[in-house]
Amino acid sequence: MKEIKIYSDFKIFDSIDELNDQIKVLFNEAKLIRESAYSEYSKFSVGAAVLLENGKILCGSNQENVSYPSGLCAERTVLFYANSKYPKIKIKAIAVIAGSINKINENPVAPCGSCRQVISEFQAKQNSDIELYFKGEKGKIIYTDSINNLLPFKFDKSFL
Ligand code: THU
């Protein structure tokens with residue numbers, strides 16, 4: 001038997017003012033698109049904005065469905081769009097803002113497992129890490145420079 005320890009690396013920012021201008025803009029876009037969330041059933045709205053290497057910003061929000069599993073998270077909405085529209089352009093960063101529409105959420109909302117898997121897929125595809133920032137409506141922002149920190153044992157194409 002051998003024990004291994006895996007370390008993950010995060011930075012926690014107290015407020016958006018501590019972020020650089022490009023990421024401030026990215027969060028502002030995520031905040032705006034969150035207003036378009038179709039969160040009819042959960043009343044939990046999420047906005048995600050992706051920064052491409054060419055400086056373009058793309059946005060998406062969660063889209064629910066009465067047949068619950070047919071809905072899609074904000075992160076995957078925008079990532080699939082990014083890879084449809086600009087398949088050859090690398091993704092530099094993704095910013096996510098989320099919370100219930102009934103109460104103020106001050107805790108950073110981490111991407112779900114399926115979204116982590118999809119971020120991981122695009123990291124592998126482009127052969128470079130994607131910076132991830134996530135927050136609640138207010139409060140602290142969590143940053144990590146790679147999805148590897150949130151998904152250490154991942155399923156990838158080496159298994160196929
Ligand atoms: N949701 C996201 O958009 N991203 C996540 O990473 C977690 C969950 C959405 C899905 C659903 O519309 C609502 O939040 C409640 O789960």
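A polar contact is a pair of N or O atoms within 3.5 Å; within protein, one atom must be able to donate a hydrogen and the other to accept it, and residues adjacent in sequence count only if both atoms are side-chain atoms. The structure in the viewer is a predicted model, in which local features need pLDDT of at least 70 and side-chain atom pairs count only at pLDDT 80 or more, while totals for chains, interfaces and linings use all residues. Residues are numbered from 1 along each chain as its sequence is written, and side-chain values use heavy atoms, with hydrogens and water left out.

**Stop 1: the ligand**

Select the ligand and then Glu64. An oxygen atom of the ligand lies 2.5 Å from an N or O atom in the Glu64 side chain. Select Asn62 next: an N or O atom of its side chain is 2.9 Å from an oxygen atom of the ligand. At Cys112 the partner is instead a polar backbone atom, 2.9 Å from an oxygen atom of the ligand. The protein covers 76% of the 380 Å² of accessible area that the ligand has on its own. Accessible areas come from the Shrake-Rupley method with a 1.4 Å probe; for residues, only the protein chains shown count as cover.

Now display the surroundings of the ligand, where a residue is near if one of its heavy atoms lies within 4 Å. The residues found there are Ser42, Phe44, Val46, Asn62, Glu64, Cys73, Ala74, Glu75, Pro111 and Cys112.

**Stop 2: the whole chain**

Switch to a cartoon of the chain. Three helices and six strands are present; helices (H or I, at least four residues) and strands (E, at least two) are DSSP runs, numbered from the N terminus. Followed from the N terminus, the elements are ordered β-α-β-β-α-β-α-β-β. Along the principal axes, the C-alpha atoms fill a box of roughly 50 × 40 × 35 Å. The chain has a radius of gyration of 16 Å, which agrees with the value near 15 Å for a compact globule of 160 residues. That radius is taken over C-alpha atoms, and the globule rule is 2.2 Å times the number of residues to the power 0.38.

Of the 160 residues, 41% count as buried. Buried means under 20% relative accessible area, exposed over 50%, and partly exposed in between (1.4 Å probe, protein chains only).

**Stop 3: the salt bridges**

How many salt bridges does a search of the whole structure find? The search finds five, a salt bridge being a side-chain nitrogen of Lys or Arg within 4 Å of a carboxyl oxygen of Asp or Glu.

Select Asp14 and Lys140, whose side chains meet in one of these bridges at 2.8 Å, N to O. Asp14 is in the loop between strand 1 (11-13) and helix 1, and Lys140 is in the loop between strand 5 (131-135) and strand 6 (141-144), so the pair ties together parts that are 126 residues apart in sequence. Both ends are partly exposed: Asp14 has 47% relative accessibility, and Lys140 has 40%.

Select Glu137 and Arg34 next. In this salt bridge the closest N and O atoms are 3.2 Å apart. Because Glu137 belongs to the loop between strand 5 and strand 6 and Arg34 to helix 1, the pair links parts 103 residues apart in sequence. Arg34 counts as buried at 12% relative accessibility, whereas Glu137 counts as partly exposed at 26%.

Remain on helix 1 and select Lys24 and Asp21. Their side chains form a salt bridge at 3.7 Å, N to O. These two residues both lie in helix 1, three residues apart, about one turn of the helix. Lys24 is partly exposed at 29% relative accessible area, and Asp21 is exposed at 58% relative accessibility.

**Stop 4: the loop after helix 1**

Which residue of the loop between helix 1 and strand 2 has a positive phi although it is not a glycine? Select Lys43, which lies in this loop and has a phi of about 60°. Lys43 is partly exposed, with a relative accessible area of 32%.

Tyr41 is found in the loop between helix 1 (21-34) and strand 2 (44-52), and at 36% relative accessibility it counts as partly exposed. Add Tyr38, Val66 and Tyr68 to the selection: together with Tyr41 they form a nonpolar surface patch with about 460 Å² of accessible area. Patches are made of residues with over 30% relative accessible area and no salt bridge; like charges are joined within 9 Å, nonpolar side chains (Val, Leu, Ile, Met, Phe, Trp, Tyr) within 5 Å.

**Stop 5: the loop after helix 3**

Finally, select Asn127, in the loop between helix 3 (113-126) and strand 5. Asn127 has a positive phi of about 60° although it is not a glycine, and at 69% relative accessibility it counts as exposed.
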